[in-house]
Structure formats: C-alpha cells, structure tokens
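Biologist: I haven't looked at this one before. Can you walk me through it?

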Amino acid sequence: MSGHTPGPWRIKTTGNIGNAIEADCGLRSPLFADNGFRTVATFQSCCASDRYDEQEANALANARLIAAAPELLEALQGLVECEHTTAELWQAARAAIARATGAGYD
C-alpha cells in the first residue's frame, strides 16, 4: 500500500487562492460537470507584498514539486530496490526530476 493518492498529479491554477494539486480519480459524470479529478493539496500563489513575483515563482515551484511527488517516490523506490540499476530506471528518475523542477535534467 502506498499510503497516498496514486499519481500522476497535476497542477490546476486559477491565479488566486483556489490553486490545487489534483489526481484523476477515474470517475466522471456529465450530469454534474465532473471532470474526474479530485484535490490532493491546495496552494496559494497570490500574495499582497512588494515581493509578489518572487513569491509567485516560489509557489509554482512548490506546486511542481508536490505534483511530481508520486513519480519521484516511484523512481527512487525503483533505484533503491533494484540490485542492478538500468537505463530505464535512471531515465524515470531524470523525468521525475524534470517534472519536479520544471526544467530538463541531463
């Protein structure tokens, strides 16, 4: 048992207090305009200060890290549990890092 909502997770931004990290729960209902995603975490990226741009960038970087958490965990578990690491395991780790940081990782 993983103890957390299965990934992948995605970032849903509204540009204000309602920003969320969501996971696909697999249930959809056209009757209720249900897109099948459920909130895993919320984050605020709107701040009232003279450092707004810096705080906005930090909040979105935190959101990327949180949204990539299931993939980071899976990649690290694969590397730790494998007696001989493979190119595929290293690629999964690099992809998870890239998703968490929002940048390529070589």
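The chat below covers the overall fold, one helix pair and one cysteine.

Modeller: Keep in mind that this is a predicted model.

Biologist: Fine. How many helices and strands does the protein chain have?

Modeller: There are 3 helices and 3 strands. Going from the N terminus, the order is β-β-β-α-α-α.

Biologist: What share of the residues is buried?

Modeller: Of the 106 residues in the protein chain, 22% are buried. The accessible surface is about 7300 Å², and carbon and sulfur atoms account for 57% of that.

Biologist: Now the helices. At what angle do α1 and α2 pack?

Modeller: About 50°, with the axes 4 Å apart; α1 covers residues 52-67 and α2 covers residues 69-81. That angle makes α1 oblique to α2, because it falls outside the roughly parallel, perpendicular and antiparallel ranges.

Biologist: Which residues meet there?

Modeller: From α1, L65, I66 and A67; from α2, A69, P70, E71 and L72. By class, that contact has 6 nonpolar residues, 1 charged and no polar ones.

Biologist: Different topic. Where is C25?

Modeller: C25 sits in the loop between β2 (19-24) and β3 (37-43).

Biologist: Is C25 buried, exposed or partly exposed, and why?

Modeller: C25 is partly exposed, because its relative accessible area is 35%, and partly exposed means between 20% and 50%.

Biologist: Which residues does C25 touch?

Modeller: Leaving out residues up to four places away in sequence, C25 touches G36, F37 and R38. C25 and G36 are 11 residues apart in sequence, and their C-alpha atoms are 5.6 Å apart in space.

Definitions and conventions
Residues numbered from 1 in each chain as written. Predicted model: local features only at pLDDT ≥ 70, side-chain atom pairs only at ≥ 80, totals over all residues. Heavy atoms only, no water. Axes fitted to C-alpha atoms, helices over the stretch in contact; angles between N-to-C directions. Helix = DSSP H or I, 4+ residues; strand = E, 2+ residues; numbered from the N terminus. Parallel < 35°, antiparallel > 145°, perpendicular 65-115°, else oblique. Contact = heavy atoms within 4.5 Å. Nonpolar A, V, L, I, M, F, W, Y, C, P; charged D, E, K, R; others polar. Buried < 20%, exposed > 50% of the residue type's maximum accessible area, 1.4 Å probe, protein only. Areas by Shrake-Rupley, 256 points an atom, 1.4 Å probe, with all protein chains shown as cover.
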